Amino acid sequence: MSLLRVTGLTKRFGTNEVLRSIDLEVRQGERIAILGASGSGKSSLLRCLNFMELPTAGVIELDGQPLGRERRPGERIYRESELTQVRQRIGMVFQQFNLFPHMTAVGNVMEGLRTVRRMPKPAARIRAEAELKRVGLGDKADAYPAHLSGGQKQRVAIARALAMDPEMLLFDEPTSALDPELVGEVLGVIRNLADEGRTMLLVTHELGFAYHVATRVIFLADGTIHESGTPDEVLKNPRQERTRAFLASHKQYSL
Amino acid sequence: MKWDFTSVFANTDALLAGAAGTLRIFAICLVLGLSLGLVVGLGRYARTWWFYLPATAFVEFFRNTPVLVQILWFYFALPMLLPFEISPLMAASLGISLNSAAFSAEIYRAGIQSIDRGQWDGARALGMRWAQAMRRIVLPQAIKRMLPALTNRAIEIFKMTTLASAVAYVELLQQGKLIASLNYNPIEAYTAVAVIFLVFLWPLVQFTYVLERRLKRDE
Amino acid sequence: MAYQWDFTPVLANAPLLAQGLLNTLKVTGTSLVFGLALGLALALLRLSSRRTFAWPAGLVIEVFRTTPPLVQLFWFFFALPLLVGIEMTAFMAAVVTFSIQSAAFFAEVFRGGIVSIERGQWDGARAIGMNHGQALRRIVLPQAVKRMIPAFMERAIELMKTTTLVATISYADLLFAANEIAQKTFRPLETFTVAALIYFVVIFAFSLVARQFERRLAVSGESTVR
């Protein structure tokens, strides 16, 4: 059974249609890499899946439950309490980390547990330290984000998402803001999560990483899924002209 | 003309009473002004019209009329609509607090707006509600940036308390007037009042400079 | 029992209010002119490399920014005339107080504007043989003034609001006129409400102009100083 099912997802900003009637199914344990040029709608797609942006039209089902309710045909409304529930189940990691600068690393990881889950402080601390250890930052618990490197910040952000026990993880270009020498440590952490069998969607320009880690690759163009298939199909033998052109222009990220 | 402060020192009691009155109305207006300002500032930031419009009207009205006019309105005009009298302290506190609320509301709004959108994203991605994100993530960071401006506001409030003398509330300037008229020594009396205000406010002003420098360094 | 509003007594005294508004504008305008000139002088002294100039200028600026304007007004009206043995009308005391007081604020705006101009402009001016005064007048100030306009306008608005204090020393500004009318007609609610509205209309209109100006500067990519 699919964990997440998207039907007819459309997103407009004013008159600008960034997603056009997207259908997508994510099964338990799948790892989907989403590729596309800038402006192809890949970030918007990710942000619609945990309702950071509200879809203009379309239905998103989580565990077979359609989210929101239909007010008029084609138009759904969502309650905030429902969306905060969904976001606890679908973790997100951002390009710019979005760590909270006024809290330490462990404070960042504890924050969701404390404020949203209402977990007592000692238990949250134990859990948060374990997550930091998992991303290799057990010794940085009390450091403030300003004193961490970009790679370390992103690993804290991943620990922060993991602490909420998400059923699925969304990565929005997690290495694009990093200096090249720091990309490896973040990709290493994501690969470990893949090996654990976690369900994840990953927007990335790292084609080699996508090829080795993803179970499926989606190429997005003009707000629609232009091509979709196994990494071998999409990255090695693309059928569509635009996919080929995109891959050719990203040669610097070799497979 | 010879300076002679003996008649001022002879009235230390009156000045102390004035200082107590100044500090009392300052404390009232500081608390009321800054807390009401937060509510209005959130309204200025709100997306719902029934919160945004009244907040905006409030800010525009109280920022664009003189505070002394507001105080006199509350003292002379408002009682016509009420079944009870308005004391000088009430009238002056109302005028100064509402005026300060309008100004501090804009400080809060600007401070909240200056926080990067990513901070809201990060908070919401963890499943926080709007109010949780505001309280736990956005406000703590915004307050730090707003601190110099809010301290400046506090200084302005302190200076504004002298306007309460216009409705004969007993504060420092009012007592200065009293001493000057009883002893025919306006030079010494008003100089003394000015010096007392300098003593109160000088450290506060220097403190805002420190805050401003620290903020500049940290950002 | 609902209050019976009646504006006719206020309307009957409209000329008094109009004269009051005129006087308010007179004090504001005069103080603004003196304040700007004095403010520039204070700023230049404060920026001077000689401590004998910079330090006293800094002290004047700080003292007048730190003490309450009403205390300053009382001092200049009641104390100064005795101290130096001159006659001082309420108008004179008001202009002296508000000129110096706004000069202290304008000085900081001038200073902020002048130091916001990058060193290269001074270098460029000196490289073609200008002396300090020429560089300041021809090159730096013209650029700085543009950045300072929003802060100046905001300060001018503050000044107009502050001028209401002259009512406390019985100068016949708009607020004083309103107080007179209220006592004469026993209609304080209507009178003070009308006075507040007049202030609001004048000051709000000026604020809108200032905001429009600031927006236009922002659109043209010009930075501004606070």
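A salt bridge here is a side-chain nitrogen of Lys or Arg within 4 Å of a carboxyl oxygen of Asp or Glu. Keep that cut-off at hand for the exercises below, and remember that this is a predicted model.

## Exercise 1: Who touches whom?

Work out which chains are in contact and which pair shares the most contacts.

*Solution.* Begin with the pairs. There are 2 pairs of chains in contact, and chains B and C share the most contacts. Next, look at the pair that is left out: chain A and chain C do not touch, and their nearest C-alpha atoms lie 23 Å apart. Now turn to how many residues take part. Chain B and chain C each bring 37 residues to their contact. In the contact between chain B and chain A, 19 residues come from chain B and 25 residues from chain A.

## Exercise 2: The interface of chain B and chain C

Describe the area buried between chain B and chain C, then find the salt bridge across this interface.

*Solution.* Start with the area. The size of an interface is often given as the accessible area lost when the parts come together. For chain B and chain C this is about 3,400 Å², with 78% of it on carbon and sulfur atoms.

Next, apply the salt-bridge rule, which finds 1 across this interface. Its partners are C:Arg211 and B:Glu60, whose closest N and O atoms are 2.9 Å apart. That distance of 2.9 Å meets the cut-off of within 4 Å. Polar contacts come on top of this as a separate count: 7 residue pairs, both residues at pLDDT 80 or more.

Then ask which parts of chain B face chain C. Helix 3 (49-63), helix 4 (67-77), helix 8 (172-183) and helix 9 (186-218) of chain B each supply at least two residues. Helix 9 of chain B gives the most, with 13 residues. By type, this side of chain B divides into 27 nonpolar, 6 polar and 4 charged residues.

## Exercise 3: The interface of chain B and chain A

Repeat the analysis for the area buried between chain B and chain A.

*Solution.* First, the area: about 1,800 Å² is buried between chain B and chain A, and carbon and sulfur atoms give 54% of it. On the chain B side, B:Arg124, B:Ala125 and B:Leu126 supply 32% of the area that chain B buries against chain A, more than any other three residues.

Second, the polar side of the picture. There are 2 salt bridges between these chains. One of the salt bridges joins B:Arg136 to A:Glu111, with 2.6 Å between the closest N and O atoms. The polar contacts come to 9 residue pairs, both residues at pLDDT 80 or more.

Third, the elements. Helix 6 (117-125) and helix 7 (130-160) of chain B give two or more residues each to the side that touches chain A. Helix 6 of chain B gives the most, with 8 residues. The residues on this side of chain B divide into 7 nonpolar, 6 polar and 6 charged.

## Exercise 4: Placing C:Ser207

Is C:Ser207 buried or exposed, and with which residues is C:Ser207 in contact?

*Solution.* Locate the residue first: C:Ser207 belongs to helix 9 (residues 188-219) of chain C. The relative accessible area of C:Ser207 is 7%, so C:Ser207 is buried, since the cut-off is under 20%. Leaving aside neighbours within four places in sequence, C:Ser207 is in contact with B:Asn64 and C:Ile157. With B:Asn64 there is a polar contact, side chain to side chain, at 2.7 Å.

## Exercise 5: The nonpolar cores

Which residues of the largest nonpolar core touch the most other members?

*Solution.* The largest nonpolar core has 116 residues, and B:Ile25, B:Phe58, B:Ile96, C:Leu175 and C:Phe192 touch the most other members. Helix 7 (residues 132-162) of chain C gives the most to this core, with 12 residues.

Now follow one member. Not counting residues up to four places away in sequence, C:Leu175 touches B:Leu68, B:Val69 and B:Leu72 in chain B, together with C:Thr164, C:Ala167, C:Phe192 and C:Tyr199 in chain C. Apart from the largest core lies another, of 59 residues, including A:Val93, A:Phe97, A:Ala124 and A:Phe171.

## Exercise 6: The fold of chain C

Determine how many helices and strands chain C has.

*Solution.* Chain C has 9 helices and 0 strands. The C-alpha trace of chain C spans about 75 × 50 × 25 Å along its principal axes. Of the 226 residues in chain C, 48% are buried. Finally, among the contacts in chain C with a separation of 6 or more, 74% join residues 24 or more positions apart.

Key:
Residues numbered from 1 in each chain as written. Chains lettered and ligands numbered in written order. Predicted model: local features only at pLDDT ≥ 70, side-chain atom pairs only at ≥ 80, totals over all residues. Heavy atoms only, no water. Contact = heavy atoms within 4.5 Å. Buried area = accessible area lost by both parts, 1.4 Å probe. Polar contact = N/O pair within 3.5 Å; in protein donor to acceptor, adjacent residues only side chain to side chain. Helix = DSSP H or I, 4+ residues; strand = E, 2+ residues; numbered from the N terminus. Nonpolar A, V, L, I, M, F, W, Y, C, P; charged D, E, K, R; others polar. Core = buried A, V, L, I, M, F, W, Y, C linked by side-chain atoms within 4.5 Å. Buried < 20%, exposed > 50% of the residue type's maximum accessible area, 1.4 Å probe, protein only.
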